[in-house]
Amino acid sequence: MEKQISNKKFKTTVLSLCLGFLMVVGAVIGVWAASTQNYKAGFNVSYSVGDNVAAKVRTEYYVPNQDSDSDGKEDGAVAVTTNEEGETVTDEKGYVTFNAGDGNEDGSEVYIGNFKLSPQTPKAVFYFTIHNILDEGYVMVAPLPTITQKQNMKFRMKYYNTTSFSEATSASTLSDDLFTNKQYENASAQGYKIVKIEVEVLNKNASATIAGDIGFDLYYQDEAQSISTLDRTKFHSYFVDEGLVEYEWGYVSATFDYAQKYPTFTTGVDLSEAGDGSIWAYNDGEMVYILSNKTIALPANCDNLFNCYTPMVYYIEATLFNADVSFVTNPGSMFDGLSALRNLYCWDTSSWTDMSCIFCDNYTLTDFTILDTSNVTNMSWMFNGCYTYSWEEGDFIVFDLSTFDTRNVTNYQGMFDNSYFSGEYNFKILVGENWTLDMSDADYVGAEVTVVRI
């Protein structure tokens, strides 16, 4: 049963982390004068509810160690129940309810009041609880994070499905071990799907900023898991053999997304591994859409997946709103040839062992802290020919690799060889406690590298 998105919306505004900070900047600087840190964060968070979906949604936030009333006790999690005008818009348990077929065109909005991150409270956790109140059928939760600003911040999104949760219970009481990266598991009838988002300052002695939009689309499904695997051969053949129109400068823009958002793009070239039409390509002459009503799983073998050099297609600009990489076993050279790579914030790379050449010739990816490298053994030529960096800092080009765990890496030859930064630029990488690689041999790693441990 495929359902189109409706106009019923629920919007949670999480702007005050950013705006609240700016409004009290004088007081903050007075408190932080010794270290001059500036921590800012902000999100707009919205729900779009599809037809035939009946669900309740609740927003909570939690800032560890925050004691706003100075009573010596941590504030704990806060359920957001009011809008910006201070009017209560939720029920007594903090939920906004959507019934199937209701006509709530304006939606309900809640507003998170002023609070800020500080050197003592550098982390914020958001919980979004979706309760499927249907008596049968499943609700799929499709996350759509779009981060517009991010520096010196970690962003993580995980999920927990359960049928035994109580509406009155705060999601903050759940053990972190319960949360996984299985976004494709749907909330069963009368069950719950809880989304946990963590944002945390990485280097507490430096400025930090994060802002953007986080959307959740809720769709009706007939099955417990909504996932279909992309066929690598079909994907390559589509770009190489289908005679795509020639785009300016040889670039093709491709968007991986949920088909429910495009009700007129219902047919196209089958790219599914199962051959059942569950993933298809649609070309409107300006954009190639890779669409599915399910979560699109990238194949186990992603070697050179996006490398489609032909006389007609030189580079692909990929926006991955709908792509699951948790089943990938061979990601080597996965993004070689990509001119752009966007929206990776839901990725689970914890099982990857080979990241060799993965970002070769990539032009726009700037946030590498999203990668879980704890099991990687091969990082050779990882950034070979890469033209991007995290940010500029004085005379330095900075790569933020502070979340990289390299304790299992045995091969990192040419890691930064022939990169945009080699030679004329001062090259700095920020690393954390789990960085073990010796970058002193420029001939081996491919560039002169200054390592800063934070």
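1. A charge is taken to sit over a ring if NZ of Lys or CZ of Arg is within 6 Å of the ring centre and within 35 degrees of the ring normal. In this predicted model, the charged end of K196 meets that description with respect to F179, sitting over the ring at 5.2 Å from its centre.

2. F179 also takes part in a ring pair, and its partner is Y160: the two ring centres are 5.9 Å apart and the planes stand at 55°, so the pair is tilted, given that planes under 30 degrees apart would count as stacked and those over 60 as edge-to-face. This pair links distant parts of the chain, since Y160 belongs to strand 9 (residues 153–162) whereas F179 lies in the loop between strand 9 and strand 10 (192–201), 19 residues apart.

3. Both members of the tilted pair can be checked against the limit for burial, which is under 20% relative accessible area. Y160 has a relative accessibility of 16% and therefore counts as buried, and F179, at 4%, counts as buried as well.

4. A further pair is formed by Y262 and F265, whose ring centres are 5.6 Å apart and whose planes are at 5°, so that this pair is stacked. Y262 and F265 are both buried, and ring pairs join them with Y282 and Y289 into a cluster.

5. A second lysine deserves mention here: the charged end of K261 sits over the ring of F321, at 5.0 Å from the centre of that ring.

6. As context for the pairs described above, the count of aromatic pairs in the model comes to 14.

Technical notes: Residues are numbered from 1 along each chain as its sequence is written. This is a predicted model: local features need pLDDT of at least 70, side-chain atom pairs count only at pLDDT 80 or more; totals for chains, interfaces and linings use all residues. Side-chain values use heavy atoms; hydrogens and water are left out. Rings of Phe, Tyr and Trp (its six-membered ring) pair if their centres lie within 6.5 Å; planes under 30 degrees apart count as stacked, over 60 as edge-to-face and the rest as tilted. Helices (H or I, at least four residues) and strands (E, at least two) are DSSP runs, numbered from the N terminus. Buried means under 20% relative accessible area, exposed over 50%, partly exposed in between (1.4 Å probe, protein chains only).
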